[in-house]
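Colleague: Got a minute to go through this model with me? I'd like the quick tour.

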Amino acid sequence: MFIHLGGEKIIRCAELVAIFDLSIEKSSKISRTFIVEANKSKQIEVISEEDSKSLVVTTNKVYYSPISSTTLKKRAHQLLTH
């Protein structure tokens, strides 16, 4: 199964680790550190030129998605429960 993250980016459900609201980037020191390290490792991908609303962590990358974390979680839940 696959999840559409916005733009032309689709990932396999098996790669999905976590979906976060973008506000976590500012509210948590651990999250900021994680993003800084992912950026240093060139593991970050901005999916669209639109404003990012969520962070999607996969086994290989961290995606900035223009789709809200609520919508992405609903998509993932629907796929994983069928």
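Colleague: What percentage of the 82 residues of the protein chain count as buried?

Modeller: The figure is 37%. Keep in mind that this is a predicted model.

Colleague: Okay. How many helices and strands does the protein chain have?

Modeller: There are three helices and six strands. Reading from the N terminus, the order is β-β-β-α-α-β-β-β-α.

Colleague: What radius of gyration does the protein chain have, and what would a compact globule have?

Modeller: The chain has 12 Å. A compact globule with 82 residues would be near 12 Å, so the two agree. Along the principal axes, the C-alpha trace spans about 35 × 25 × 20 Å.

Colleague: What share of the contacts comes from residues 24 or more positions apart?

Modeller: They account for 49%, counting contacts with a separation of 6 or more.

Colleague: Switching to the core. Which residues make up the largest nonpolar core?

Modeller: It has 11 residues: I3, L5, I11, C13, I19, I47, V56, Y63, I67, L72 and A76. Two elements, β1 (2–6) and α3 (69–81), give two or more residues each to this core. Another core, of six residues, lies apart from it. L22, I35, L55 and Y64 are among its members.

Colleague: Why would nonpolar side chains be found together like that?

Modeller: In soluble globular proteins, nonpolar side chains tend to be buried together.

Colleague: Take V56. What does V56 touch, not counting residues up to four places away in sequence?

Modeller: V56 touches L5, I11, L16, A18, K61, V62, Y63, S65 and L72. Of these, L5, I11, Y63 and L72 are fellow members of the 11-residue core.

Colleague: And I47, where does that lie?

Modeller: I47 is in the loop between β4 (44–46) and β5 (54–58).

Colleague: Buried or exposed, that I47?

Modeller: Buried. Its relative accessible area is 15%, and the cut-off for buried is under 20%. Beyond four places in sequence, I47 touches L5, G6, G7, K9, Y63, Y64, S65 and P66.

Colleague: How far is I47 from K74, by C-alpha atoms?

Modeller: They are separated by 19 Å, and 27 residues apart along the chain.

Colleague: Now V46. Buried or exposed?

Modeller: V46 is in strand β4. At 52% relative accessibility, V46 counts as exposed, because the cut-off for that is over 50%. Leaving out residues up to four places away, V46 touches S52 and Y64. Its C-alpha atom is 9.8 Å from that of G7, with the two positions 39 residues apart along the chain.

Colleague: What about S31, which helix is that in?

Modeller: S31 is in helix α2. At 14% relative accessibility, S31 counts as buried. Beyond its neighbours within four places, S31 is in contact with I24 and E25. The C-alpha atoms of S31 and I3 are 23 Å apart.

Colleague: What is the phi of K42?

Modeller: It is positive, about 60°, although K42 is not a glycine. K42 sits in the loop between α2 (29–40) and β4. K42 is exposed, with a relative accessible area of 72%.

Colleague: Last topic, the surface and charges. How much accessible surface does the protein chain have?

Modeller: About 5500 Å², with 52% of that belonging to carbon and sulfur atoms. As for charges, there are 12 positive and 9 negative. Their mean positions are 6 Å apart.

Note on methods
Residues are numbered from 1 along each chain as its sequence is written. This is a predicted model: local features need pLDDT of at least 70, side-chain atom pairs count only at pLDDT 80 or more; totals for chains, interfaces and linings use all residues. Side-chain values use heavy atoms; hydrogens and water are left out. Helices (H or I, at least four residues) and strands (E, at least two) are DSSP runs, numbered from the N terminus. The radius of gyration is taken over C-alpha atoms; the globule rule is 2.2 Å times the number of residues to the power 0.38. Buried means under 20% relative accessible area, exposed over 50%, partly exposed in between (1.4 Å probe, protein chains only). Contact means heavy atoms within 4.5 Å. Accessible areas come from the Shrake-Rupley method with a 1.4 Å probe; for residues, only the protein chains shown count as cover. Lys and Arg count as positive and Asp and Glu as negative; His and the chain ends are not counted. The place of a charge is taken as NZ of Lys, CZ of Arg, CG of Asp or CD of Glu. A nonpolar core is a set of buried Ala, Val, Leu, Ile, Met, Phe, Trp, Tyr and Cys residues joined through side-chain atoms within 4.5 Å.
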